[in-house]
Amino acid sequence: MTGTSTPSTPTTATPRAIRIGAGAGYSGDRIEPAVELAEHGALDYLVFECLAERTIAIAQQTRRQSPELGYDPLLEARMTAVLPAAIRNGVRIISNMGAANPLAAARKTAQIAHRLGLGELRIAAVTGDDVLDVVLASDTTFEETGDPVASYRERIVSANAYLGASAIVDALAAGAHIVLTGRVADPSLFAAPLIHEFGWRMDDWDTLGQATVVGHLLECAGQVTGGYFADPGYKDVPDLARLGFPIGEVSPDGSVVITKVSHAGGHVTPATCKEQLLYEIHDPQRYLQPDVVADFSQVSVAADGPDRVKVQGGRGTPHTGKLKVSVGYIDGFIGEGQISYGGPGAVARARLAIDIVRERLALTGVQTSELRCDLIGMNSLHGETAGARHGDPYEVRVRVAGRTASASEALRIGNEVETLYTNGPAGGGGASKSVREVLAVQSVLLAREHARPSFTFVEREHEAA
């Protein structure tokens, strides 16, 4: 069964608050906190946000090599762990773990549900974000560099538009227990169940602006419960090894109380919520999203009890009519080598090691478009000026990394670092080397009519496939 996304039709407003849990803040996030939410969070929805800018481009590469793959690599582990508790407790799941292949992700999830004996589940896949053909045929330019997309055409591997909430809303209205998407804007994953449950209009801009506040607070999971917030002696957070992920209790007016399971580690305070609210926001008055241009400038944040913070006041104006598209392309290779030096004179020996490697790369004709030589712990983050204020460390690690046109050239960089073992200076140890293909991302803006979101149900006959 396939449905084309249309503007949401208002339903009867739910009088109670809707409880949404954040099950992941990125692709490799912990799984246990999501299980804890499914078991003890009294949730209506559990949302897994698992896509970063380059994650979907990497997934597209995987799909090109293996057409049955291209979804989140932890999808099977997550679903196996969380589905029994979620289905038992009536928790519906929404996630962009579909990445480059939402249909395959939905089929895999159906197989897992069947294997676990969880009965008939309606699993929907949202598609329409893959706009590679449109971008390749366009004469557009990249927002970051102004370069014409055409000049990168042979290197481009993916182009995915940030979809909004509409197709998820429609899938939920059609009875989906689980909705798996590709590239959807992070806040839209959380806004969709609220639009569905409360019958909000897709042109109620102020309400959608507040829904974006809700999604933005929850999308990074453990960040808002104190994870990224923690700074020992300055901002102490309890029991971080058992950090709990957040729950949003959302009222029909869109106001939200951010909280967590009471026995979980971490904490929720006005400060944790304020830091997350500002995270990645360039202009608080114009946070551009596919559903709305959100305005955070009048948001209020106030304690509502232990580990409970109420947030309200988000507003919005109409969306721009354009969608951001992340375009992934191959941008050469990076070769890297590392080696450590310790004891008296460690820094002097490390600097000599860098001089040797630089000269060796020149002598042997290794061609690099970029070359970095760092002393990790001294100058790799803030340069020589910052490091000069402190005494020399007793141990230091050399890192040499260069960008090359080929993997074979990249390998030579690590090899030259490794040869320092026996070719001086004294006392080098713990050498490592690696080569990786560089997958870069730039953005274009595309008229939203070029992306046609829709949903498809994976029917029962696929479950045992």
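Which helix lies across β10, β11 and β14? Select residues 205-218 and you have it: helix α8 lies over those three strands, running at about 120 degrees to β14. Before going further, keep in mind that this is a predicted model.

**Stop 1: the sheet under α8**

Keep α8 on screen and add the strands. They form an open sheet of three, in the order β10-β11-β14, with antiparallel pairing. The edges are β10 (287-288) and β14 (315-317), and each has a single partner strand, so one side of each has no neighbour in the sheet. Zoom in on β10 and β11 (residues 293-295): they pair in the antiparallel sense over two bridges. To see the register, pick Leu288, which stands opposite Val293 in β11.

Now go back up to the helix and click Thr212, which sits in α8. Thr212 is buried, at a relative accessible area of 5%. Leaving aside residues up to four places away in sequence, its contacts are Pro187, Tyr287, Gln289, Val292, Ala294 and Phe296. Showing those side chains together with Thr212 gives a good view of this spot.

**Stop 2: two loops with positive phi**

Follow the chain out of α8 into the loop that leads to β8 (247-250), and stop at Asp239. Its phi is near 55 degrees, a positive value in a residue other than glycine. Asp239 is partly exposed, with a relative accessible area of 37%.

Next, select Glu280, in the loop between α9 (270-278) and β10. Here too phi is positive in a residue that isn't glycine, near 65 degrees. Is Glu280 buried or exposed? At 51% relative accessibility, Glu280 counts as exposed.

**Stop 3: strand β2**

Select residues 18-24 for strand β2. Seven of its seven residues are buried, so β2 is largely enclosed by the rest of the structure. Which strands does it pair with? Show β8, and you'll find antiparallel pairing with β2 over four bridges. Ile20 makes a handy marker, standing opposite Gly248 in β8. Then show β3 (residues 45-48), which pairs with β2 in the parallel sense, over four bridges. The marker for that pairing is Ala24, opposite Phe48 in β3.

**Stop 4: helix α6**

Move to residues 166-173. Helix α6 is mostly covered, with seven of its eight residues buried. Colour these to see them: Ser166, Ala167, Ile168, Val169, Asp170, Ala171 and Leu172. Just past the end of the helix, Gly175 has a positive phi of about 100 degrees.

**Stop 5: the cysteines**

How many disulfides does the structure hold? Zero. Select Cys220 to see one reason: its sulfur is 12 Å from the closest cysteine sulfur, in Cys50, which is too far for a bond. Cys273 is in no disulfide either, and the nearest cysteine sulfur, that of Cys220, is 13 Å away. As for their surroundings, Cys220 counts as buried at 13% relative accessibility, and Cys273 is buried with a relative accessible area of 1%.

**Stop 6: helix α10**

Now select residues 346-363, helix α10. Try a distance between its end C-alpha atoms: they are 26 Å apart, which agrees with the 26 Å that 18 residues should span at 1.5 Å a residue.

Which residues of α10 are buried? Colour Ala346, Val347, Arg349, Ala350, Ala353, Ile354, Val357 and Leu361. Turn the view to look down the axis: these buried residues of α10 fall within an arc of 160 degrees, so they line one face of the helix. An α-helix has 3.6 residues a turn, so residues three or four places apart point the same way. On the face of α10 turned away from the buried side, look for the exposed residues Ala348, Glu359, Ala362 and Leu363.

What covers the buried residues of α10? Show β15 (322-342), β16 (370-376), β17 (395-404), α12 (407-418) and α13 (420-423), which are among the elements doing so. Before leaving, step just past α10 to Gly365, where phi is positive at about 75 degrees.

**Last stop: a cis peptide bond**

From α13, walk into the loop that runs to β18 (429-447), where you'll find Pro425. The peptide bond joining Gly424 and Pro425 is cis, with omega at about 0 degrees.

Methods
Residues numbered from 1 in each chain as written. Predicted model: local features only at pLDDT ≥ 70, side-chain atom pairs only at ≥ 80, totals over all residues. Heavy atoms only, no water. Expected span 1.5 Å × (residues − 1). Buried < 20%, exposed > 50% of the residue type's maximum accessible area, 1.4 Å probe, protein only. Arc of directions from axis to C-beta. Contact = heavy atoms within 4.5 Å. Disulfide = S-S within 2.5 Å. Pairing = 2+ DSSP bridges. Axes fitted to C-alpha atoms, helices over the stretch in contact; angles between N-to-C directions.
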